[in-house]
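This report describes chain dimensions, helix packing and selected residues. The sequence and the structure are shown first.

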Amino acid sequence: MWKYTLKRLIQGIITVWFIATATFLAMHNVPGDPLSGQRATNAAIRANLEAKYGLDKPLTEQYFIYIGNLLQGDFGISFTQQNRQVNDIIREHFPVSATLGILAVIFAALGGVLWGALTALYRNRLPDTIIMFLVILGISVPSFVFAALGQLTLVNLNALFGISLLPVAGWGTVSHMLLPALVLGMGTMAYLTRLMRSSMLEIIHSDYVRTAKAKGLPAARIFTRHQLRNAILPVITVLGPAIAAITTGGFVVELVFAIPGLGRYFVQAVQQLDYTVIMGTTVFYGAFLVFMVIVVDLLYGWIDPRVRLQ
Amino acid sequence: MNPPLLEVSNLQVEFDTYGGTVKAVRGVDFTVEEGRTLAIVGESGCGKSVTVQALMGLIPMPPGRIMGGSAKLRGIEILGRKTVEGREVRGAEIGMIFQDPMSSLNPTMTIGDQIAEPLQVHRGYSHRQAMARAVELLELVRIPEAARRAAQYPFEFSGGMLQRAMIAMAISCKPTLLIADEPTTALDVTIQAQILDLLKDLQAETGMAIILITHDLGVVARMADAVAVMYAGKVVEAGSVDDVFYRSSHPYTLGLKQAMPTNKRDAVQKLMPIEGSPPDLFAPPVGCGYCPRCPHAMSVCATQPPLPIPVADAHYARCWLHHAQAPHSVPGIYYGDGHD
Amino acid sequence: MTTPVSHSQILNSADFAPITQRADVHAISRPSQSYWQDAWARLKKNRRAIVSLWLIVGLLAFALLGPWLWQIDPARQDIDQISQAPGADRSATIVAPYAPWDGTVAAEFAGGSGLRLAMAANSQAVRLHWDAVPGAAGFRLYRNIFAADDEMAFGLPIADFPTPAAGYYEDRLDLRPDTYYYTLAVQAADGTLTANYQTLAVPVNRVITLDEVRERELAPAEAALDIGDEVHLALHPLGTDYLGRDMLARLMAGAQVSLFIGIIAPFLYVLLGVAYGATAGFVGGRVDQLLMRFADFVVALPFLLFMILFQVVFGIGPGESGIVPMLIALVVLAWPATARLVRGQILQIRQEAYISASRLLGARSSYLVWRHMIPNTMGVILVTLTFAVPSAIFTEAFLSFIGMGVAPPTASWGSMSNEGLARMLTHPHELIFPSLFISITVLAFNLLGDGLRDALDARMRSFE
């Protein structure tokens, strides 16, 4: 297990390096000089940047400066905001995105397991039909539509009751977080529900559940000890990609709900072509996602004895 | 004679499938005596596994359906019981082991925990007591280093070891009947013999009865006291192992014997396969299910289902050849002492 | 044991005659079906999948045949009908061409006091006049689309009048057929507003000049039209967007873009993935190791993040739609999943006994690939392709929504949703229609994919 952990960590580091290099090369292939034009007219910013990145030096040298900075955890300075460190931007805005994301992941995972198990137990009966219809909707409706419709509904509900049930946009209190987290987790929850359902169905038909029945165990014990635990395993394996989906989905939800998260900042940077912020946040997000996947895989290994003991 | 331990009569099971309704078991009768072994023999798809799964309440419903019949354990009906008493019968009174031990154990629970479960549920043992008993049971089924093994997971066991663990689990509550559904089919030949010996020894020690499902006549000869031969969802011949082997009364039993290799020195006879394949149970035949493949079929066989006709004490065959009006002239068929 | 039973039927000796004529014992009792026949029969039984299939055919027809039936340029702006809801009234009265106004009040509007109309208000102009207010230093005129209920909500200030005298004003600013609320607020000497104001609700009728009717061909050329006659403006069955462009035409144009990316991109990357995975699986050994290690790296890249990065790098130039860069980016990033899947399948099939048997019979590699490996992976590939379509449509919509997708004025469902979002509260149809199309398309492909998987995957059959 330790060897496996080490191997995964090394793989992860190589992947992050690959992402950093790809980002660097991509940004240096942007047509034209990133400092030209109206974007960095401010002479002070320009001078700062040139000194920092050695923009007058050859590409290889720039690359080593860039990687060196990254190794020191320095993502550079914003192109559009004078003397604003990308590190500061991340430090300021990422906790907001992380809070929203964690809420959404918890919501999606709990909901997915619960609804999935329920539909499998009530297979082909009314609860199954209703939930699976909602799940298909959840998978087919893009997150921005959920966000917009959620907001629209909330506006109308607030108007209907004449009081503010929940704030429509913004950030700060728990009440600000509920609707965005719900909206953000919706698609993933639908996906996990489907996965949990098929996993449960497979296990309900498995030989070892038949054995458990032959042992005369009560249905509740079979459900908790034999079905649920085994059915959750595949759900855990996809939590890594689910976290990635929720993180990128956050870009849109933050935009719609005017939440000051890193995602919204990233989208703005992309729209303004703020190259250092794009590079910095891409590498940061990339590293975050790569290591989340590793954490989830290790968690899975710890839970599944077949992996843990080999 | 004591009343039988288990008496099954006219058991019928159907399955709804994509292609239609399969009448998998079409009226099965047999009895199991206390402490004895009944072997149920037949080729794949003849309904032998479905029969015992119905007894254990393991038929998935839907798509399965028990259409009728009864199964009495010491005179108490056990068929179709989903209640608490039904669970008490399963696991406590009747233990069961399956064909593929690799997939029949929960991969994420230790062997010890899985053996301990029935004890906790049916006997009210604490977890500690049940685990201690699980280790004893593993020793009983001759697993070395039982204490260490009990803490391991199924993937750390070999196939033979898993089947021993399955047996330990099935006998944990000292059942009066053990159902073994093709217990050795998935195992190596050398392991098969060990498992069969183990079952025999355990039977001698505990006095439990065994229903052994198999398609291997060698296993039958080695293990069984009584035999029921199944074909197309019905028992076509039943009797003691000697009756069925040496005084076969049904052409199908005869066919099975001729298809089995022997190691007699002077045997020059060729292996004789049974031509054709079993009938389609989506639309079961009107007459005898074996009629299309039977070399001795008569007109009546195609139109009337044969009823069981006794040929000797506790030995019957479901075959028109034994009818009083039939010629009684087929070579190899045993017609009872009066006719031979 | 079973008690002896006697047969009740009366039987005669003929019943016990041996059967001489026998049916073929090897006959197969039910007709055999090929894999694809069986799969098709299963799919046909799945009503949701079949409905989805027809829905997809319908959507393709909407995208391809629609513009041919509904020949409206999706880029044409109809400034008379901006952000118009579907089914809105589109009648207009013909009036004389605009003529400058000198402040005279029309005869039928004579009399009255305070802020009032000087002539009939229409979308050409709203002409107001008012009386002097004693003690006022001046006036400020506001316009709003809601009734003002306090001094803070007068709306848009449109003019200042530094005199307390009676005055007049002509408003021609972007008038629509709607009710406008004009407020004349009295200013104090220092320019601040006093609590003294008067409000006038003005219903505005839509008008059009004869020249415009002729120019825009709103009536048959031979029709004799006169001032005061009524004509109908251009029909927009699903309304218009914020630039007055026809929603139906834009949805059709958007369907072309979204479905093009949604179908062509998966087709290309599944093809690439199949070729890559099949090569790795078939060649095996070190080549396989190398190829799959590379695929692992591409898989590890955060997909949407790199899609955004690619879009930035390609930098959509002026006049470009941005469709091709998105296609390329999708293909470059999305192939490894299929490659892994196909490689796994091929490796599995290579182990099968029938491949060994075929080899023993002297089959060449190309025969094995074409006769055994491809047909046996076809089902999996087809299912992958069906599920790849909705995910590609989602990706396109997501990127266009955050402004990194197709460039304006090219329409895609995603970019239309993005544009609709800003006006969601006042003109929800601009968001709802494109979102609905995305959702229905994704839904249809998902359900079809489910149906195909159930029909093709033999393992799932026992559960049904």
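A residue counts as exposed when its relative accessible area is over 50%, as buried when that area is under 20%, and as partly exposed in between. Lys174(B), with a relative accessible area of 64%, is therefore exposed. The model under discussion is a predicted one.

**Backbone outliers in chain B**

Lys174(B) belongs to the loop that joins helix H7 (159-170) to strand E7 (177-181) of chain B. Its phi is near 50°, a positive value in a residue other than glycine. Most residues other than glycine have a negative phi. Glu145(B) also has a positive phi, near 50°, without being a glycine. Glu145(B) is placed in the loop between H5 and helix H6 (146-150) of chain B. Because its relative accessibility is 53%, Glu145(B) counts as exposed.

**Two further residues**

Is Gln203(B) buried or exposed? Its relative accessibility is 12%, so Gln203(B) counts as buried. The residue is part of helix H8 (residues 189-206) of chain B. Neighbours within four places in sequence aside, Gln203(B) touches Gly35(B), Arg36(B) and Thr37(B), as well as Met208(B), Ala209(B) and Ile210(B).

In chain A, Leu178(A) is a residue of helix H7 (residues 174-204). Its relative accessible area is 46%, so Leu178(A) is partly exposed. Between Leu178(A) and Leu100(A) the C-alpha to C-alpha distance is 8.7 Å, although 78 residues separate them in sequence.

**Chain dimensions**

The table sets out values for chains B and C.

| Property | Chain B | Chain C |
|---|---|---|
| Helices and strands | 12 helices and 12 strands | 12 helices and 10 strands |
| C-alpha extent along the principal axes | about 65 × 50 × 45 Å | roughly 125 × 75 × 60 Å |
| Residues that count as buried | 56% of 340 residues | 45% of 464 residues |
| Share, among contacts with a separation of 6 or more, of residues 24 or more positions apart | 63% | 71% |

For chain B, a radius of gyration of 21 Å agrees with the value near 20 Å that a compact globule of 340 residues would have. Chain C has a radius of gyration of 36 Å, but a compact globule of 464 residues would have one near 23 Å.

**Helix packing in chain B**

Two packed helices are described by the angle between their axes and the distance between the axes. In chain B, helix H4 (residues 111-122) packs against helix H5 (residues 127-140) at an angle of about 115°, and the axes are 8 Å apart. The crossing of H4(B) and H5(B) is right-handed. On the side of H4(B), the contact is formed by Ile111(B), Gly112(B), Asp113(B), Ile115(B), Ala116(B), Leu119(B) and Gln120(B), which meet His127(B), Ala130(B), Met131(B), Arg133(B), Ala134(B), Leu137(B) and Leu138(B) in H5(B). By class, the residues of this contact comprise nine nonpolar, three polar and two charged.

**Helix packing in chain C**

Helix H2 (residues 47-64) and helix H5 (residues 247-283) of chain C have axes that come within 8 Å and cross at roughly 120°. Because of this angle, H2(C) is oblique to H5(C). The crossing of H2(C) with H5(C) is left-handed. From H2(C), Leu59(C), Leu60(C), Phe62(C) and Ala63(C) take part in the contact; from H5(C), the participants are Leu248(C), Leu251(C), Met252(C), Ala255(C), Gln256(C), Leu259(C) and Ile263(C). The contact of H2(C) with H5(C) consists of 10 nonpolar residues and one polar residue, with no charged residue.

A second pair in chain C consists of helix H7 (residues 303-314) and helix H8 (residues 323-351), which pack at an angle of about 140° with axes 10 Å apart. This angle makes H7(C) oblique to H8(C). H7(C) passes H8(C) with right-handed geometry. Phe303(C), Phe306(C), Met307(C), Phe310(C), Gln311(C) and Phe314(C) are the residues of H7(C) in the contact, and their partners in H8(C) are Pro325(C), Met326(C), Ile328(C), Ala329(C), Leu330(C), Val332(C), Leu333(C) and Ala334(C). Which classes make up the contact of H7(C) with H8(C)? There are 13 nonpolar residues, one polar residue and no charged residues in the contact of H7(C) with H8(C).

Technical notes: Residues numbered from 1 in each chain as written. Chains lettered and ligands numbered in written order. Predicted model: local features only at pLDDT ≥ 70, side-chain atom pairs only at ≥ 80, totals over all residues. Heavy atoms only, no water. Axes fitted to C-alpha atoms, helices over the stretch in contact; angles between N-to-C directions. Helix = DSSP H or I, 4+ residues; strand = E, 2+ residues; numbered from the N terminus. Parallel < 35°, antiparallel > 145°, perpendicular 65-115°, else oblique. Left-handed = near helix turned anticlockwise from the far one by under 90°. Contact = heavy atoms within 4.5 Å. Nonpolar A, V, L, I, M, F, W, Y, C, P; charged D, E, K, R; others polar. Rg over C-alpha atoms; globule rule 2.2 N^0.38 Å. Buried < 20%, exposed > 50% of the residue type's maximum accessible area, 1.4 Å probe, protein only.
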